[in-house]
Amino acid sequence: MTDEKKKEFTRRLTQCNASEMIVIQYEIFFTYLDDALEAYELGGEPYRMAIRHADAVLVRLQDSLDFKYDLAKQLYPLYTYSRRQIALALATHKKKPISNARNVMRKLYDAFAQIAAEDTSEPVMHNTETVYAGYTYGKHALNESAYDGSSNSRGFLV
């Protein structure tokens, strides 16, 4: 994953609500799968690292499930299946398990994206800088500026 992509995900995570956070985690998973497919022909460490990062995202999604809801009991086996497929891709160095995992997760992503579009709850992170886009334009991209409307410290207060 490129540094630019990491910055984009970080910025989005600081501004998102709980539903959007799940959608972003799915997008991070897909990015790592794309990285694995790019490194597939070369094999070696870049391929293995991308697969491991994708698996780590699935672990985070599994660990965040709240089993007092029935949905979590249905999602857990799907995440487990995807993790098995990712492990199989790592062990056998084949593309098919990667596409199997992607297909399962894509359907879940579509469902969570619809939910996130309707969710109007507050952002999960409070006391973060607000990001404004469009004040200035760079040579090849739109520049974004972070602005904190107050002079309050974002650090710990004693």
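This is a chat about a predicted model of a protein chain, its helices and a few of its residues.

Reader: Hi! Which helices and strands does the protein chain have, and how many of each?
Author: Hello! The model is a predicted one, and its secondary structure comes to 5 helices and 2 strands.

Reader: What pattern do they follow along the sequence?
Author: Reading along the protein chain, you get α-α-α-α-α-β-β.

Reader: And how many of the residues count as buried?
Author: The protein chain has 158 residues, and 31% of them count as buried.

Reader: What about the area it exposes?
Author: The protein chain exposes about 10500 Å². Carbon and sulfur atoms supply 53% of that area.

Reader: Okay, contacts next. Of those between residues at least 6 apart in sequence, how many join residues at least 24 apart?
Author: In the protein chain, 59% of those contacts do.

Reader: Let's go helix by helix. How do H1 and H2 cross?
Author: Helix H1 covers residues 3-15 and helix H2 covers residues 18-38. Their axes come within 9 Å and cross at roughly 165°. An angle over 145 degrees counts as roughly antiparallel, so H1 and H2 are roughly antiparallel to each other.

Reader: Is that crossing left-handed or right-handed?
Author: H1 passes H2 in a left-handed crossing.

Reader: Which residues make the contact?
Author: From H1 there are Lys5, Phe9, Arg12, Leu13 and Gln15. H2 brings Glu20, Met21, Ile24, Glu27, Ile28 and Thr31. Sorted by class, the contact of H1 with H2 has 5 nonpolar, 2 polar and 4 charged residues.

Reader: Cool. Now H3 and H4, what's the angle there?
Author: The axes of H3 and H4 cross at roughly 170° and come within 10 Å. That angle makes H3 roughly antiparallel to H4. The crossing of H3 past H4 is left-handed.

Reader: Who's touching whom in that one?
Author: On the H3 side, the contact is made by Tyr47, Arg48, Ile51, Asp55, Leu58, Val59, Leu61 and Gln62. On the H4 side, you can look for Tyr76, Tyr79, Thr80, Ser82, Arg83, Ile86, Ala89 and Leu90. The residues of this contact divide into 10 nonpolar, 3 polar and 3 charged.

Reader: I spotted Asp55 in that list. Where is it, and what is it in contact with?
Author: Asp55 sits in helix H3, which spans residues 44-63. Leaving aside its neighbours within four places in sequence, Asp55 is in contact with Arg83 and Ile86. The C-alpha atoms of Asp55 and Ala87 are 8.0 Å apart, with their positions 32 residues apart along the chain.

Reader: So where is Ala87, and is it buried or partly exposed?
Author: Ala87 belongs to helix H4. Its relative accessibility is 45%, so Ala87 counts as partly exposed. Another C-alpha distance for Ala87 is to Ile51: the two are 36 residues apart along the chain and separated by 8.0 Å.

Reader: Going on to H4 and H5, how do they pack?
Author: Helix H4, residues 70-92, packs with helix H5, residues 96-118, at an angle of about 150°. Their axes are 8 Å apart. The angle makes H4 roughly antiparallel to H5, and the crossing of H4 and H5 is left-handed.

Reader: Which residues take part in that contact?
Author: H4 offers Leu75, Leu78, Tyr79, Tyr81, Ser82, Gln85, Ile86, Leu88 and Ala89. H5 offers Pro97, Ile98, Asn100, Ala101, Val104, Met105, Leu108 and Phe112. By class, the contact of H4 with H5 has 14 nonpolar, 3 polar and no charged residues.

Reader: What's in the loop between H4 and H5?
Author: His93 is one of the residues there. His93 has a positive phi of about 55° although it is not a glycine. With 31% relative accessibility, His93 counts as partly exposed.

Reader: Last one: why does Ala50 count as buried?
Author: Ala50 has 5% relative accessibility, and buried means under 20%, so Ala50 counts as buried. You will find Ala50 in helix H3. Not counting residues up to four places away in sequence, Ala50 touches Tyr32, Asp35 and Ala36. Ala50 and Met1 are 49 residues apart in sequence, and their C-alpha atoms are 8.3 Å apart in space.

Notes. Residues numbered from 1 in each chain as written. Predicted model: local features only at pLDDT ≥ 70, side-chain atom pairs only at ≥ 80, totals over all residues. Heavy atoms only, no water. Helix = DSSP H or I, 4+ residues; strand = E, 2+ residues; numbered from the N terminus. Buried < 20%, exposed > 50% of the residue type's maximum accessible area, 1.4 Å probe, protein only. Contact = heavy atoms within 4.5 Å. Areas by Shrake-Rupley, 256 points an atom, 1.4 Å probe, with all protein chains shown as cover. Axes fitted to C-alpha atoms, helices over the stretch in contact; angles between N-to-C directions. Parallel < 35°, antiparallel > 145°, perpendicular 65-115°, else oblique. Left-handed = near helix turned anticlockwise from the far one by under 90°. Nonpolar A, V, L, I, M, F, W, Y, C, P; charged D, E, K, R; others polar.
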